[in-house]
Amino acid sequence: MSALSAAADGGAPAAATGELPDALAAVSLGADEGPTEFAALEAAARAAAEVAALHADDVDRSARFPSEAVDAMRAQGLLGAMVPKTFGGHGASLRCLAQICKTLAESCSSSAMVFAMHQIQVACLLEHAPSDAWHRHLLERLTGEQLLLASATSEDTVGGNLRNSACSVQTEGEQFGLEKLASTISYGAYADGILVTARRNPDAPASDQVLITVLKSDYELERRSGWDSLGMRGTCSEAFKLIARGGLEQVLPTPFAEIADHTMLPVSHVLWAAVWIGIASNAVDRAKQFFRVQARAKPGTLPPGGTRLAEAVGLLQLMHARLTMSLDSYALTRQTESLSETMAFASDMNLLKTSVSTTAIAVVSQVLMICGMAGYKNGTPFSVGRHLRDLHSAPLMINNDRIAANTASLLLAQRSTTLRF
């Protein structure tokens, strides 16, 4: 039993005997959990973050998977946090998951991003998997064994274009097979399962995609390149040839375009933003400490970085407010089918991603100027080189230029913008 289960429930997790609800949105992503459950999840996140912090510099230096941090997440029951209590999880809301991402990112960016990417896959399953025996068993295993899920959406011939696939599902009776040349599968070598995009069949166009869940026993990975990157080095986002086989029940019935629009992209943008805010928050805390050291050294004199610190704190607050607004919008939009409101929501989520990804870099750049050489050098209490390198991945994760072009198209179709206080 995880420490989280004991703190939240006062005993062992509920047995996973129920059936998958038809509308998991209300269970897993919409309604906030109670204050006791939220506090227990926060405590679990802090415990895992303490472990992550101990190994963050070595994870970055060695470009290795943050195994200690992920083991701590497993011990705290965090990998199954979003899964409904019926299946042994905690039914955590998206808002709660964002808080966990921020807490983890304040200690180790790579650990937080692994957690965020895993939860994005869990959200897709909870919202779009059918209520059959195979998927019920998967949820039971996910919480009981704390399985780690990865994603294979990129491909050599289509690059980072999420909405196109070159590989296809090959069916034979009730079985399928597929081969995919994935340009990146983050922490693929360490995952217990992967959600893979592919064309529905060999004759389908590139945009007619499905999402397939494959577990470790279903696939083989052939490493095609390493991961020696500028930042986010612990995500181990290597290129693989993926060869998978399984039953057709593992192919989600919902078209991937709908999964992406309704779940994958908005949840990605929210949780990624929370990670980036956590990185920037830790950097600002280091700047505050440096500022206090300077102030104590010369009592009665305002240190030279005061103006920059005020600006960095202001930008951090703006990012936090921006994410809070998007979480509120997420909860409201899920209650309507209005096309105009859905388009406004899509552009809002796109703008969340592009604005936070660039603002976080600006915040840490200000911190670097405040801390000077103490921030530039590695191994000091004020070092922010890792923070800055990790954040430079943010505009590239689904390239901001591509998102901006899509947002512009959405804005063309919107008649007006109404902001209320």
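**Aromatic pairs**

I began with the aromatic rings of this predicted model. Pairing was accepted where ring centres lie within 6.5 Å, and by this rule I count five aromatic pairs.

I looked up Trp 272 and Trp 276 next. Their ring centres are 6.2 Å apart and their planes stand at 45°, so I entered the pair as tilted. Helix α8, residues 256-297, holds both residues. Because they are four residues apart in that helix, about one helical turn separates them. I checked their burial as well: Trp 272 and Trp 276 are both buried.

I then turned to Tyr 330 and Phe 345. Here the ring centres lie 5.9 Å apart with the planes at 55°, so this pair is also tilted. The two residues are 15 residues apart and link distant parts of the chain. Tyr 330 belongs to helix α9 (residues 306-333), whereas Phe 345 belongs to helix α10 (residues 339-371). Buried means under 20% relative accessible area. Tyr 330 has 2% and is therefore buried; Phe 345, at 11%, counts as buried too.

I also noted a cluster, in which ring pairs link Phe 65, Tyr 187 and Tyr 190.

**The four-stranded sheet**

I asked in what order the strands of the open sheet of four strands lie. The order is β2-β3-β7-β6, and the pairing is antiparallel. At the edges I found β2 (170-172) and β6 (219-225), each of which pairs on one side only. On average, neighbouring strands of this sheet are turned by 20° against each other, direction ignored.

I followed the partners of β7, residues 237-247, in turn. Six bridges join β7 to β6, and the two strands run antiparallel. In this pairing Tyr 219 stands opposite Ala 244 of β7, and Glu 220 stands opposite Ile 243 of β7. Strand β3, residues 175-186, is joined to β7 by 10 bridges, again antiparallel. There I located Ser 186 opposite Ser 237 of β7.

How many of the 11 residues of β7 are buried? I recorded eight, and the strand is mostly covered.

**The three-stranded sheet**

My next entry concerns an open sheet of three strands, ordered β1-β4-β5, with mixed pairing. Strands β1 (149-152) and β5 (209-215) stand at its edges. Each has a single partner strand, so one side of each is left without a neighbour in the sheet. The average turn between neighbouring strands of this sheet is 25°, direction ignored.

I examined the pairing of β1 with β4, residues 193-199. Four bridges join these strands, and they run parallel. Ala 152 stands opposite Val 196 in β4.

I looked for what lies across this sheet and found helix α6, residues 109-128. Helix α6 lies across β1, β4 and β5, and runs at about 85° to β1.

**Confidence**

Finally, I checked how far the prediction vouches for these entries. The mean pLDDT of the protein is 90, and 90% of its residues reach 70 or more. Where does pLDDT stay under 50? I found this over residues 1-32. For that stretch the model has 74 contacts beyond four places in sequence.

How values were computed. Residues are numbered from 1 along each chain as its sequence is written. This is a predicted model: local features need pLDDT of at least 70, side-chain atom pairs count only at pLDDT 80 or more; totals for chains, interfaces and linings use all residues. Side-chain values use heavy atoms; hydrogens and water are left out. pLDDT is the predictor's confidence in each residue, from 0 to 100. Contact means heavy atoms within 4.5 Å. Two strands pair if DSSP finds at least two bridges between them. Axes are lines fitted to C-alpha atoms, for helices over the stretch in contact, and angles run from 0 to 180 degrees between N-to-C directions. Buried means under 20% relative accessible area, exposed over 50%, partly exposed in between (1.4 Å probe, protein chains only). Rings of Phe, Tyr and Trp (its six-membered ring) pair if their centres lie within 6.5 Å; planes under 30 degrees apart count as stacked, over 60 as edge-to-face and the rest as tilted.
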